[in-house]
Amino acid sequence: MDKKIQAWISTYLSPKGDELKDRKRFPRLQLYMADDHTINSIRGFRRTAENRIYLYTLLQKTLIQDLVPPILILSDLANSCNVGAIARTALNLGIRSLLLTQTSWGTLNDTALRTSTYALLEMKLAVCEDLLKAIKSLQARGIETYCGENATAGAVKPISSTKSRDWALVVGSEMHGVPRRVMETVDHLVTIPQQGGDSFGVAHASVICLYELSREMPPEIT
């Protein structure tokens with residue numbers, strides 16, 4: 001292993017230097033370093049060099065058809081902390097497949113990984129260029145698709161549990177929510193009933209929707 005990477009593990013990654021050395025949880029752990037040009041190419045757009053070192057270890061793209069339901073779909077989320085927090089909840093509830101747009105994929109830096117408590121390393125990740133096409137391909141596999149939105153966006157059906165594992169939930173961006181064409185394509189447009197206040201933040205809304213959809217879900221067959 002490169003000496004610079006060894007130094008990074010012991011000093012940058014965590015104060016104790018053992019945060020990712022649990023070989024039982026990460027038996028195939030590999031670490032990579034990349035320059036800004038490479039990182040920008042991976043992310044798909046240019047960012048400032050605020051995070052010069054990124055962890056791209058087991059974050060390898062898989063094909064959409066190889067994702068195993070239930071599937072969480074992140075549509076143009078731009079905040080790394082939100083993506084990390086949502087991924088942490090998803091894994092805890094038994095969701096191990098993430099489908100991301102290019103913008104959401106671009107948030108997967110060290111901040112997202114830390115916030116997820118490294119749950120992202122244990123998940124299958126796929127990236128799509130055409131979200132509508134990707135959703136339709138899931139529907140063709142018999143996967144029921146849900147979109148969580150607020151009532152002002154036209155969602156009136158309360159989110160409720162499903163007794164199946166064959167579902168996918170679409171979560172929209174922090175600023176603009178889910179695109180209208182996506183809302184018109186999914187099987188179920190659902191909302192979280194509220195008694196007051198503003199709309200939920202995307203991370204909080206995702207937690208509630210994921211819990212409701214998964215609380216009667218049968219366990220994964222291994």
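Biologist: Which strands and which helix each supply at least two residues of the lining of the largest pocket?

Modeller: Strand 6 (167-171), strand 7 (188-191) and helix 8 (202-214) do, and helix 8 gives the most, with four residues. Helices and strands here are DSSP runs (H or I over at least four residues, E over at least two), numbered from the N terminus. Please keep in mind that this is a predicted model, in which local features need pLDDT of at least 70 and side-chain atom pairs count only at pLDDT 80 or more, while totals for chains, interfaces and linings use all residues. Residues are numbered from 1 along each chain as its sequence is written, and side-chain values use heavy atoms, leaving out hydrogens and water.

Biologist: What makes a set of grid points a pocket and not a cavity?

Modeller: On a 1 Å grid over the protein atoms alone, a 1.4 Å probe fits in a cavity but cannot get out, whereas a pocket is an open set with protein on both sides within 12 Å along at least five of seven lines; lining residues have an atom within 4 Å of a point. The largest pocket holds about 400 Å³ of space. Its lining has 24 residues, and Gly-148, Glu-149, Phe-200, Val-202 and Ala-205 are the closest to the centre.

Biologist: What is the make-up of the lining of the largest pocket by class?

Modeller: There are eleven nonpolar, eleven polar and two charged residues in that lining.

Biologist: Why is Tyr-118 called buried?

Modeller: Buried means under 20% relative accessible area, exposed over 50%, and partly exposed in between (1.4 Å probe, protein chains only). Tyr-118 has 4% relative accessibility, so it counts as buried. Thr-117 comes out at 32% and therefore counts as partly exposed. Thr-117 lies in the loop between helix 5 and strand 3, and Tyr-118 belongs to the loop between helix 5 and strand 3.

Biologist: What is the phi of Thr-117, and what sign does it have?

Modeller: Phi of Thr-117 is near 50°, a positive value in a residue other than glycine. Tyr-118, also not a glycine, has a positive phi of about 65°.

Biologist: Which residues of helix 6 are buried, and how do you know that they line one face?

Modeller: In helix 6 (residues 131-140), the buried ones are Leu-131, Leu-132, Ala-134, Ile-135 and Leu-138. Viewed down the axis of helix 6, these fall within an arc of 165°, so they line one face of the helix. That arc is taken from the directions between the helix axis and the C-beta atoms. Lys-133 and Ala-140 are exposed on the other side of helix 6.

Biologist: What makes a group of residues a nonpolar core?

Modeller: Its members are buried Ala, Val, Leu, Ile, Met, Phe, Trp, Tyr and Cys residues joined through side-chain atoms within 4.5 Å. The largest such core has 36 residues, and Leu-72, Leu-120 and Leu-169 have the most contacts inside it. Helix 8 supplies the largest share of this core, six residues. A second, separate core has 20 residues, among them Ile-135, Leu-138, Cys-147 and Ala-168.

Biologist: Which residues does Leu-169 touch, leaving out those up to four places away in sequence?

Modeller: Contact means heavy atoms within 4.5 Å, and Leu-169 touches Ile-71, Leu-72, Ile-73, Tyr-146, Gly-148, Cys-209, Leu-210 and Leu-213.

Biologist: Which residues does the cis peptide bond join?

Modeller: The bond joins Pro-69 and Pro-70, with omega about 5°. Pro-70 sits in the loop between helix 2 (36-43) and strand 1.

Key:
Points joined across faces, edges and corners; volume = space filled by probe spheres on them. Nonpolar A, V, L, I, M, F, W, Y, C, P; charged D, E, K, R; others polar.
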